[in-house]
Amino acid sequence: MNNLAGIFREKKLKLTPQRIAVYKFLQSTKEHPSAETIYKALQPEYPTMSLATVYKALKTLVEVDLVKEINVGEGNFRYDGNVTSHPHIQCLNCARVDDIDGISFSDLNDKVKDYTDYDIINNKIYFYGICKCCKDNACEQ
Ligand SMILES: [Zn+2]
Ligand SMILES: [Zn+2]
């Protein structure tokens, strides 16, 4: 992993144990957890950290672009430690969110430009389907 102190210094962020814990956790997972999931996962190691603190740490990390907030259309946000632009797919059955690796839609902004007077700045692409373990009836929960 990159030097955490260096990354935070570059973003002018104070290294607090809470921010470090949340950031490290998101770097360690590809599961796009919600704040509640992060909170629960960190409980054993950080029993005094509240859900509000997790939210605050996430907000700060999102503001400086160390973490990405994604909204697949549920009531709450999910968080991604991978801040490079990449498409997501969500299972309509178990609600897991995965990255779609190896495909880029970066040329889509240019394509859409032909159909509108807008200057395209950004796009967010989500796909929905049924994941492999749901298809195989092998999901954990
Ligand atoms: Zn599923
Ligand atoms: Zn992702």
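Two residues are counted as in contact here if their C-beta atoms, placed from the backbone, lie within 7 Å. With that in hand, look at how the two halves of this predicted model meet. The domain assignment splits the protein chain into domain 1, covering 4-80, and domain 2, covering 88-135. Taken over C-alpha atoms, their centres sit 23 Å apart. Across the boundary, 6 residues of domain 1 are in contact with 6 residues of domain 2. On the domain 1 side, the touching residues are a mix of 2 nonpolar, 1 polar and 3 charged.

Now step back to the whole chain. There are 6 helices and 5 strands, and from the N terminus they follow the order α-α-α-α-β-β-β-β-α-β-α. Measuring along the principal axes is a handy way to picture the extent: the C-alpha atoms fill a box of roughly 50 × 45 × 30 Å. Of the 141 residues, 14% count as buried. As for how the chain folds back on itself, take the contacts with a separation of 6 or more: 50% of them join residues 24 or more positions apart.

Let's start with the helices, and with α2 in particular. Helix α2 spans residues 17-28 and helix α3 spans residues 35-42; their axes come within 11 Å and cross at roughly 105°. That crossing makes α2 roughly perpendicular to α3. From α2, the contact uses Ala21, Val22 and Phe25, while α3 brings Ile38, Ala41 and Leu42. The tally for this contact is 6 nonpolar residues, with no polar and no charged ones.

Helix α2 has another partner in helix α4 (residues 51-63). Here the axes come within 9 Å and cross at roughly 75°, and the two helices are therefore roughly perpendicular to each other. On the α2 side you'll find Gln18, Arg19, Val22 and Tyr23, and on the α4 side Thr53, Val54, Ala57, Leu58, Thr60 and Leu61. This contact divides into 6 nonpolar, 3 polar and 1 charged. Val22 is worth clicking on, since it appears in the contact with α3 and also in the contact with α4.

The loops around these helices have some details of their own. Which backbone angle stands out at histidine 32? Its phi is near 50°, a positive value in a residue other than glycine. As background, most residues other than glycine have a negative phi. Histidine 32 lies in the loop between α2 and α3, and it counts as buried because it has 22 C-beta neighbours inside 10 Å, where 20 or more is the cut-off.

Aspartate 65 also has a positive phi, about 65°, although it is not a glycine. This residue is in the loop between α4 and β1 (68-70). Is aspartate 65 buried or exposed? With 9 C-beta neighbours inside 10 Å, it counts as exposed, given that 12 or fewer is the limit for that class.

Threonine 48, in the loop between α3 and α4, is exposed too, with 8 other C-beta atoms within 10 Å. If you want a distance to check on screen, try threonine 48 and aspartate 80: they are 32 residues apart along the chain, and their C-alpha atoms are separated by 24 Å.

Finally, move over to the cysteines. An unreviewed UniProt entry lists Cys91, Cys94, Cys131 and Cys134 under "binding site". They span 44 residues in sequence, yet no two of their C-alpha atoms are more than 8.3 Å apart, so they gather at one spot.

Take cysteine 91, which is found in strand β3 (residues 88-91). Leaving out residues up to four places away in sequence, cysteine 91 touches Arg96, Gly129, Ile130, Cys131 and Cys134. It is partly exposed, with 18 other C-beta atoms within 10 Å.

Cysteine 131, in turn, is in the loop between β5 (126-129) and α6 (132-135). With the same exclusion of residues up to four places away, cysteine 131 touches Cys91, Cys94 and Arg96. It has 19 C-beta neighbours inside 10 Å and so counts as partly exposed, as the buried class begins at 20. Arg96 is a useful landmark for this spot, because it is touched by cysteine 91 and by cysteine 131.

Methods: Residues are numbered from 1 along each chain as its sequence is written. Chains are lettered from A and ligands numbered from 1 in the order in which they are written. This is a predicted model: local features need pLDDT of at least 70, side-chain atom pairs count only at pLDDT 80 or more; totals for chains, interfaces and linings use all residues. Axes are lines fitted to C-alpha atoms, for helices over the stretch in contact, and angles run from 0 to 180 degrees between N-to-C directions. Helices (H or I, at least four residues) and strands (E, at least two) are DSSP runs, numbered from the N terminus. Angles under 35 degrees count as roughly parallel, over 145 as roughly antiparallel, 65 to 115 as roughly perpendicular and the rest as oblique. Ala, Val, Leu, Ile, Met, Phe, Trp, Tyr, Cys and Pro count as nonpolar, Asp, Glu, Lys and Arg as charged, and the others, Gly among them, as polar. UniProt positions are given in the numbering used here, feature names are shortened, and annotations may be inferred rather than shown by experiment. Domain bounds come from an automatic or database domain assignment.
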